[in-house]
Amino acid sequence: MSVEQIDTLVVGGGQAGVAMSEHLGRAGVPHVVLERSRIAERWRSERWDSLAANGPAWHDRFPGLTFSDVDGEVGPNDFPSKETVADYFVAYAKKIAAPIRCGVEVRHVERLAGRPGFRVETSAGMMEANRIVVATGPFQCPIVPKVVPPETGVLQMHSTAYRNPGQLPEGAVLVVGSGSSGTQIAEELLDSGRRVYLSVGPHDRPPRAYRGRDFCWWLGVLGKWDAAAREPGTEHVTIAVSGANGGHTIDFRRLAARGLLLVGRTQTCENGVVSFAPDLVENLRRGDANLHALLDEADAYIARNGLDLPEEPEARAIVADSDCVANPIASLDLAQAGIGTIIWATGFTADYSWMKVDAFDANGRPQHQRGVSSEPGIYFLGLPWQSRRGSTFIWGVWHDARYLADQITIQRSYAAYHDAMQRELESA
């Protein structure tokens, strides 16, 4: 059986894989991108129907193409739909002539014995690659905590399986998770007339916009996108922000005033009764504090730079507590509450079981420095906080890909020098 020889293999054809291909192409690095399905598949088939990008079109994109180039109806300050985002990456791949092979799954990677490179088993045959960039991203395996036993009779699904309110059985819905996904899904269900409970954990709650500028702009000018590492204790804190319906600030107290029933973190379930942590009020308080801290920094930036931006005192308004906040629900009998569905918006974990290389710690997490692995020749792209806060965003992964392409180019030059010296010795 013939074995295809590849200089650099990129695994994954989403935003990370497309960005990596662009920079490798610019650097003249021969490469192939393998995608097991379609380009940006998760945007199409693992997200709910109404999902829109959480960043405005002018910000969350690659430098070489605007969203309006793909869809003329999308303006710079709009939040593109999930289908438009997927179409964008397809168009970008075409624009840069990315060598992407769709429908090819990478099943096994191991280091070659006694010589550089890696043996790669794919659904289309065997390959050997000098280097591998793992661009599979952080959203691989949905996490569904084993809290509520299946025998409760309630439909349980991860947010990746949710599409729209009409797919759910009748009854109330418990949404677990107060990040962007959980909050947007809960709000959509509330708007559809459902009775909705939202389990709220620790979160950051930035304004969608403040004094005429989107929060993406504020995080940029305040240097927060370039934060190199999370502060201790905030590694798993989610961000509640929404681009739905033209974008708006997430305010849990306002949602409660509209009828959304807030509860604390979901902890246990016994005999069909779910118990919640007594942390709802504290989680809301910290979310409000995060909002106000950013507003304070924005105000100081405006004053320091003499910017003529309109004041917005209403951004600091705190709505009166609804009963679910004043008297938090400690437990919920699923049957008595009429809950027919639980949606777990509880994040993801990664699966690198197909990589039989020494690139992971004892917990299976990649060991790397800005994406350069502890295993020579292995690189990672699209990881949360890979080099900065913005690493998992569209524009952030593009910049991380440029860095990795530089590192790959450097290593190729060292290898080329070694090969040249070997040829000289052999011809002497």
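Here are some notes on the fold, the cores and two individual residues of this predicted model.

1. Overall make-up. The protein has 10 helices and 24 strands. Of the contacts with a separation of 6 or more, 70% are between residues 24 or more positions apart, so keep the whole chain in view when you look at the packing.

2. Overall dimensions. What would we expect for the radius of gyration of a compact globule with 428 residues? The rule puts it near 22 Å, and the protein comes out at 24 Å, which agrees. Along the principal axes, the C-alpha atoms fill a box of roughly 85 × 60 × 40 Å.

3. Surface and burial. Buried residues account for 48% of the 428 in the protein. The accessible surface is about 19800 Å², and carbon and sulfur atoms hold 50% of that area.

4. Charges. I get 42 positive and 52 negative side chains. The centres of these two sets sit 3 Å apart.

5. The largest nonpolar core. This one has 44 residues, and Leu189, Tyr197, Phe252, Leu262, Ile339, Ile342 and Ile343 have the most contacts inside it. Strand β9, residues 172-176, is the top contributor here, giving five residues.

6. Tyr197 up close. Leaving aside residues up to four places away in sequence, Tyr197 touches Ala172, Val173, Leu174 and Val175, and its other partners include Leu261, Val263, Ile329, Leu332, Ala337 and Ile339. If you want a residue to centre the view on for this core, Tyr197 is one of those with the most contacts inside it.

7. The other core. There is also a second, separate core, with 35 residues. Ala40, Phe67, Tyr379 and Val397 are among them.

8. Asp69. This residue is found in helix α3, which covers residues 67-70. Is Asp69 buried or exposed? Its relative accessibility is 52%, so Asp69 counts as exposed, the cut-off being over 50%. Asp69 and Ala91 are 22 residues apart along the chain, and their C-alpha atoms are separated by 9.1 Å.

9. Ser387. Look for this one in the loop between β24 (378-380) and α10 (394-427). Ser387 counts as buried because its relative accessibility is 14%, under the 20% cut-off. Which residues does Ser387 touch, not counting those up to four places away in sequence? They are Ala227, Ala228, Arg370 and Asp400.

Definitions and conventions
Residues are numbered from 1 along each chain as its sequence is written. This is a predicted model: local features need pLDDT of at least 70, side-chain atom pairs count only at pLDDT 80 or more; totals for chains, interfaces and linings use all residues. Side-chain values use heavy atoms; hydrogens and water are left out. Helices (H or I, at least four residues) and strands (E, at least two) are DSSP runs, numbered from the N terminus. The radius of gyration is taken over C-alpha atoms; the globule rule is 2.2 Å times the number of residues to the power 0.38. Buried means under 20% relative accessible area, exposed over 50%, partly exposed in between (1.4 Å probe, protein chains only). Contact means heavy atoms within 4.5 Å. Accessible areas come from the Shrake-Rupley method with a 1.4 Å probe; for residues, only the protein chains shown count as cover. Lys and Arg count as positive and Asp and Glu as negative; His and the chain ends are not counted. The place of a charge is taken as NZ of Lys, CZ of Arg, CG of Asp or CD of Glu. A nonpolar core is a set of buried Ala, Val, Leu, Ile, Met, Phe, Trp, Tyr and Cys residues joined through side-chain atoms within 4.5 Å.
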